[in-house]
There are 2 protein chains.
Amino acid sequence: MGFHETFKALADPVRREILTYLKQGEKSAGDISDQFELSKATISHHLSILKKADLVYERKEKNFIYYGLNTSVFEELSLWVTQFKKGHNE
Amino acid sequence: MGFHETFKALADPVRREILTYLKQGEKSAGDISDQFELSKATISHHLSILKKADLVYERKEKNFIYYGLNTSVFEELSLWVTQFKKGHNE
DNA sequence: TCGTAGTTTAGATATTTATCTAAATAGATA
DNA sequence: TATCTATTTAGATAAATATCTAAACTACGA
C-alpha cells in the first residue's frame with residue numbers, strides 16, 4: 001500500500017479517533033465499537049480501511065480480533081511531512 | 001481551520017503533487033496548472049482547498065496570484081503524527 | 001476606456017464514500 | 001452438533017468530491 005491509502009485513511013475523523021483510542025493499547029473490534037455511536041458494521045468498515053493503509057494491525061485471539069497501532073507507518077508519514085518544514089527546501 | 005481540513009486536503013494526490021511542486025518556491029496558478037493535465041478550473045479548485053486548509057498562502061502581484069507553502073501547518077501536522085510514533089504512548 | 005491575460009465561480013455529472021440494516025461467517029463452548 | 005458471541009460482508013442510500021465547460025471577474029496596458 002502506498003501513501004495514498006494512508007492519507008485517505010487519515011481523512012476521516014472517526015478513523016483518526018480510532019487511532020487515538022488505540023494509543024491506550026490493543027483493543028478488540030467490540031471495544032472500539034463501544035466508543036462510538038455508530039453501528040458495528042460501520043466501525044468494521046473503518047477498521048478495514050485503517051488495516052489496508054497499514055496504520056493498524058490485527059491479532060486474532062479466541063473469539064476476538066484485537067487491533068493495535070502500526071507505528072512504522074507513522075514513522076514514514078513523519079518523514080513525508082518533514083520535507084515540507086522549514087529548512088528542508090528543494 | 002482545524003486539522004480536519006488539513007487531512008481532507010492531503011487526501012487527494014493532485015493536491016499532494018501541488019505541494020511537492022511548491023517546494024521549488026512560489027508559483028503562479030498558471031504555472032501550477034501547466035504541470036497537470038487538468039483544466040485551470042480544476043486546479044483552481046484544488047488550490048482553494050489547500051488555501052482553506054492553510055497549507056498554502058497566496059500573494060497577489062500584478063495580474064498573477066502566487067502560491068507558496070505555509071510551513072507552520074506542516075509543523076503542527078508533524079506534532080500530530082509524532083504522538084503515534086514509538087515512545088510516545090498514552 | 002477597451003481589450004486581453006490570468007484566474008475564479010457557477011452549474012452539471014460521474015464517482016467515491018460513510019452509513020445503515022440484515023445476513024453470513026468463524027470460532028468457542030455446552 | 002447446536003448454539004451463542006464477535007465480527008465481517010452484502011446491498012442500499014444519501015452525501016461529498018473531482019472533474020469538466022462556460023461564464024464572470026480583475027487588473028494591467030494600449
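These legends accompany close-up views of a predicted model with protein chains A and B and DNA strands C and D.

Residues are numbered from 1 along each chain as its sequence is written, while chains are lettered from A and ligands numbered from 1 in the order in which they are written. In this predicted model, local features need pLDDT of at least 70 and side-chain atom pairs count only at pLDDT 80 or more, whereas totals for chains, interfaces and linings use all residues; side-chain values use heavy atoms, with hydrogens and water left out.

**View 1. The two copies, chain A and chain B, laid on each other.** A turn of 180° and a shift of 0.0 Å along the axis place chain A on chain B with an RMSD of 0.0 Å, using least squares on the C-alpha atoms of residues with pLDDT of at least 70 in both. The two copies are therefore related as by a two-fold rotation axis. Both use the same surface, since 100% of the contact residues of chain A recur in chain B (contact: heavy atoms within 4.5 Å).

**View 2. The protein surface around DNA strand C.** Here we meet 24 residues, of which A:Lys8, A:Thr42, A:His46, B:Gly30 and B:Tyr67 come nearest; a residue is near a strand if one of its heavy atoms lies within 4 Å of it. Among the strand C atoms that come within 4 Å of the protein, 73% are accounted for by sugar and phosphate. By residue type, the surface holds nine nonpolar, nine polar and six charged residues (nonpolar: Ala, Val, Leu, Ile, Met, Phe, Trp, Tyr, Cys and Pro; charged: Asp, Glu, Lys and Arg; polar: the others, Gly among them).

**View 3. Phosphate oxygens of DNA strand C and their protein partners.** A backbone N or O atom of A:Ser39 sits 2.9 Å from one phosphate oxygen. From chain B, a polar backbone atom of B:Ala29 is 3.3 Å from a phosphate oxygen, and an N or O atom in the side chain of B:Ser44 is 3.0 Å from one. Helix H4(A) gives the largest share of the surface near this strand, five residues (helices, H or I of at least four residues, and strands, E of at least two, are DSSP runs numbered from the N terminus).

**View 4. The protein surface around DNA strand D.** Of the 21 residues that surround this strand, the closest are A:Gly30, A:Tyr67, B:Lys8, B:Thr42 and B:His46. Phosphate oxygens of strand D lie 2.6 Å from a backbone N or O atom of A:Gly30, 2.9 Å from a side-chain N or O atom of A:Ser44 and 3.0 Å from a polar backbone atom of B:Ser39. H4(B) contributes the most to this surface, with four residues.

**View 5. The buried side of helix H1 in chain A.** Within H1 (residues 3-10), A:Thr6, A:Phe7, A:Ala9 and A:Leu10 are buried (under 20% relative accessible area, 1.4 Å probe, protein chains only). They cover an arc of only 160° around the axis, so they share one side of H1(A); the arc is that of the directions from the helix axis to the C-beta atoms. Their cover includes H2, H4 and H5 of chain A together with H1, H2 and H5 of chain B.

**View 6. B:Ser78 and its partners in chain A.** Look for B:Ser78 in helix H5 (residues 71-82) of chain B, where this serine is buried, with a relative accessible area of 7%. Not counting residues up to four places away in sequence, B:Ser78 touches A:Val81 and A:Lys85. Its side chain makes a polar contact of 3.1 Å with the side chain of A:Lys85 (a pair of N or O atoms within 3.5 Å; within protein, one must be able to donate a hydrogen and the other to accept it, and residues adjacent in sequence count only if both atoms are side-chain atoms).

Methods:
Buried < 20%, exposed > 50% of the residue type's maximum accessible area, 1.4 Å probe, protein only.
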